[in-house]
Amino acid sequence: MCKIQKDKFLSEEQVVNKMNEELKKLYKTVILKNNNEPFAFEKREEAEVVLEAYNQICGDRFRLFFEIENDKIVNLSFHGFGCAISKASTSILVKHLEGKSLIETKDILKSFLNVINPEGIKEENIEEDFQAFEAAKDFPGRSKCATLSWDALKEYLEEK
Amino acid sequence: MIDPVNIRGEFPIFINNPDLIYFDNAATTQKPAMVIDGIKDYYENHNSNIHRGIYDLAASTTKKYEVVRQKVADFIGAPNEQSIVYTTGTTAGINLVASSFLSHQLQAGDEILISAMEHHANLIPWQMLCEAKGAILKVIPINQDGTIEKPLYKALLSPKTKMVALVHVSNSLGTINPIAEMIEIAHDHGIPVLIDGAQSVAHYEIDVKALDVDFFVFSGHKIFGPTGVGILYGKEEHLKKMHPINFGGDMIKNVTFKKTSFLDGPQKFEAGTTNIAGIIGLGYAIDYLNQFDKKEIQKYLKHLRTYAVNKMLEINGLRIIGSINNGNNSTDQAGSIISFVMDGIHPHDIATILGVEKIAVRAGNHCTQPLMDFLELPGTTRASFTIYNTPFEIDKMIDALKGIQQFFN
Ligand SMILES: Cc1ncc(COP(=O)(O)O)c(C=O)c1O
């Protein structure tokens, strides 16, 4: 006999409160804000580069739109659908890479991906926007959400 | 009567994780001690290869292994054990039928008919075969409530249709398809039918003989058995005509360097050393399930579903996909699977948050990407119940869903 140990569970109110605490670890204000009010969230089919970031496991799909002018990423925007974490991380990408040179971009990509990499060595002076995604590595299967668009851009730049 | 609390006690995983709420039974069920101990006993006391040794141990293992074939036959109402092929799962069974039964008959321009709610396992094998043969894969659309469009099913059958392949219970929507009727309609046109029973065998009485179905496939791991084993039931007349697609030991009558002749029975499809422990474990899983009356199981699961649906629909912005599920107590067209979405909250976020509460649900396209495209959804969150789940656990999920809503709004 294995009684469900009801006393091991919390009441509705306790659940809601506890969840709030736990979830704030993963869903930092930065993430919720960028999920609800994403940066440069617009389709631009005519862009010189249209880059797709797709996660076949969960169906998240974002497209990045931009031009490369004088070795700089410009007119960067994004559109698509995904979870709060992938959407916010794409929004942060757009916010931080607009107008950056390709060399700077590589450094920024590295710095962001390092935050989510479980083996990454903690760097100093990390952007607060980036740090917000650190907890993703502690949630099963969620680090890919944080890196989805970043990985796609990295791959594009490496192949270029 | 189903006593979920007692049943829970028969599953070591719940003893070891007393606060685990497991609502991902459509992906795989947990295993009762009876199955785990049975497999352990096999390895500790009986391990040997089958059909090969003449010493006692090998002979008794062969017997233990072959007894399961009869057990499976009885479990699904097959006329005899010769119609039961051991496979590695539902996927393998469908692929075997596609490659070994249909491949030789299919001509360019022929058609295979499936439904819009098929699992990838009952879609891609047919699609590949169609590509190879220049045949056409046709799809029966579904209604917004998640049921098959029956008039279109009839309209899509033609003299060119060479196979109908249908899921019994949809793993994404929980819809129970009227397979008896659909098989009969196909047979009126002389078309063979394969039924994907992956989601139905655990909870519904299956009688392949009464259904007159040509092929029926399922997996052991979704009926409280181990992973890596499954069953293909085929009418003997079909199995006799089918050629093996794997070749090796344990399947032959006679081998010379010039020519090989194969065994007649299902063993001809089981080349090489199979998952003996898994098959034996499947036997125990069937013994386990046989303790319960399927009607009682259905009654209990219907109770759970209704209980959950009614509470879920009270949550603002929550929508159940395939409205066949919506609250109607009398519906017999919905199983124990509930797929839902919440306004503005991604399924993946819901599943992560429920995970924090130790509630295991699935999020995503559930291996039915074309169905999600059809419903214009990126995915859903899915809760799937079985006999060890309780209304109390559902309450906990509802609390958590309310918490999620508060958090995101
Ligand atoms: C309806 C349906 N068909 C087929 C499968 C595939 O089963 P398996 O992965 O055990 O071969 C599943 C399970 O995921 C399923 O739910």
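Two strands pair if DSSP finds at least two bridges between them. This definition serves the strands visited below, in a model that is predicted.

**Orientation**

The model as a whole scores ipTM 0.76 and pTM 0.89. Colour chain B by confidence before anything else: its pLDDT averages 93, and 98% of its residues score at least 70. Where pLDDT is low, the predicted coordinates should not be read in detail.

**Stop 1: chain A in outline**

Select chain A. Its C-alpha atoms fill a box of roughly 70 × 35 × 30 Å along the principal axes. Of its 160 residues, 49% count as buried. The chain contains 6 helices and 3 strands, and from the N terminus on these elements run α-α-β-β-β-α-α-α-α.

**Stop 2: a salt bridge in chain A**

Next, display the side chains of Arg44(A) and Glu67(A). They meet in a salt bridge, with 3.2 Å from N to O. Arg44(A) lies in the loop between helix H2 (29–36) and strand S1 (49–54) of chain A, while Glu67(A) belongs to strand S2 (residues 61–69) of chain A, so the pair ties together parts that are 23 residues apart in sequence. Are these two residues, Arg44(A) and Glu67(A), buried or exposed? Both Arg44(A) and Glu67(A) are buried.

**Stop 3: parallel strands in chain B**

Move to chain B and select strand S3 (residues 111–115) together with strand S4 (residues 136–140); the two pair in the parallel sense over 5 bridges. Within this pairing, Ile114(B) has Val139(B) of S4(B) as its bridge partner. Follow the backbone from S3(B) to S4(B): the chain crosses through helix H6 (residues 124–133) of chain B, and this β-α-β crossover is right-handed.

Now add strand S5 (residues 161–167) of chain B. S3(B) and S5(B) also pair in the parallel sense, here over 4 bridges. Which residue of S5(B) is the bridge partner of Ile114(B)? The partner is Ala165(B). Ile114(B) can therefore be centred in the viewer with Val139(B) in S4(B) and Ala165(B) in S5(B) as its bridge partners. S5(B) is mostly covered, with 6 of its 7 residues buried.

Extend the selection to strand S6 (residues 193–196) of chain B, which runs parallel to S5(B) and is joined to that strand by 4 bridges. Here Val167(B) stands opposite Asp196(B) in S6(B). Between S5(B) and S6(B) the chain passes through helix H8 (residues 179–188) of chain B, in another β-α-β crossover that is right-handed.

**Stop 4: the ligand**

Select the ligand and the residues around it. Val167(B) and Asp196(B), the pair just visited, are among them. Others in this group include Thr91(B), Ala121(B), Asn171(B), Ala198(B), Gln199(B), Ser219(B), His221(B) and Lys222(B).

Three contacts merit individual inspection:

- Thr90(B): a backbone N or O atom lies 3.4 Å from an oxygen atom of the ligand.
- His119(B): an N or O atom in the side chain is 3.1 Å from an oxygen atom of the ligand.
- Asp196(B): an N or O atom in the side chain is 2.5 Å from a nitrogen atom of the ligand.

**Stop 5: salt bridges in chain B**

Side chains of opposite charge can pair when their charged atoms come close. Over all chains, the count comes to 24 salt bridges.

Return to S5(B) and select Lys162(B) with Asp110(B). Their side chains meet in a salt bridge, at 3.1 Å from N to O. Asp110(B) sits in the loop between helix H5 (90–102) and S3 of chain B and Lys162(B) in S5(B), so the pair ties together parts that are 52 residues apart in sequence. Asp110(B) has a relative accessible area of 8% and is therefore buried, whereas Lys162(B), at 24%, is partly exposed.

Then select Lys71(B) and Asp287(B), which form a salt bridge whose closest N and O atoms are 3.0 Å apart. Lys71(B) lies in helix H4 (residues 56–76) of chain B and Asp287(B) in helix H11 (residues 276–290) of chain B, and the pair links distant parts of the chain, 216 residues apart. Lys71(B) is partly exposed at 23% relative accessibility, and Asp287(B) is partly exposed with a relative accessible area of 24%.

For the last selection, take Glu66(B), Arg69(B) and Glu270(B), which are linked in a network of salt bridges.

Note on methods:
Residues numbered from 1 in each chain as written. Chains lettered and ligands numbered in written order. Predicted model: local features only at pLDDT ≥ 70, side-chain atom pairs only at ≥ 80, totals over all residues. Heavy atoms only, no water. Right-handed = clockwise from strand over helix to strand, strands pointing away. pLDDT = per-residue confidence, 0-100. Salt bridge = Lys/Arg side-chain N within 4 Å of Asp/Glu carboxyl O. Buried < 20%, exposed > 50% of the residue type's maximum accessible area, 1.4 Å probe, protein only. Near = heavy atom within 4 Å. Polar contact = N/O pair within 3.5 Å; in protein donor to acceptor, adjacent residues only side chain to side chain.
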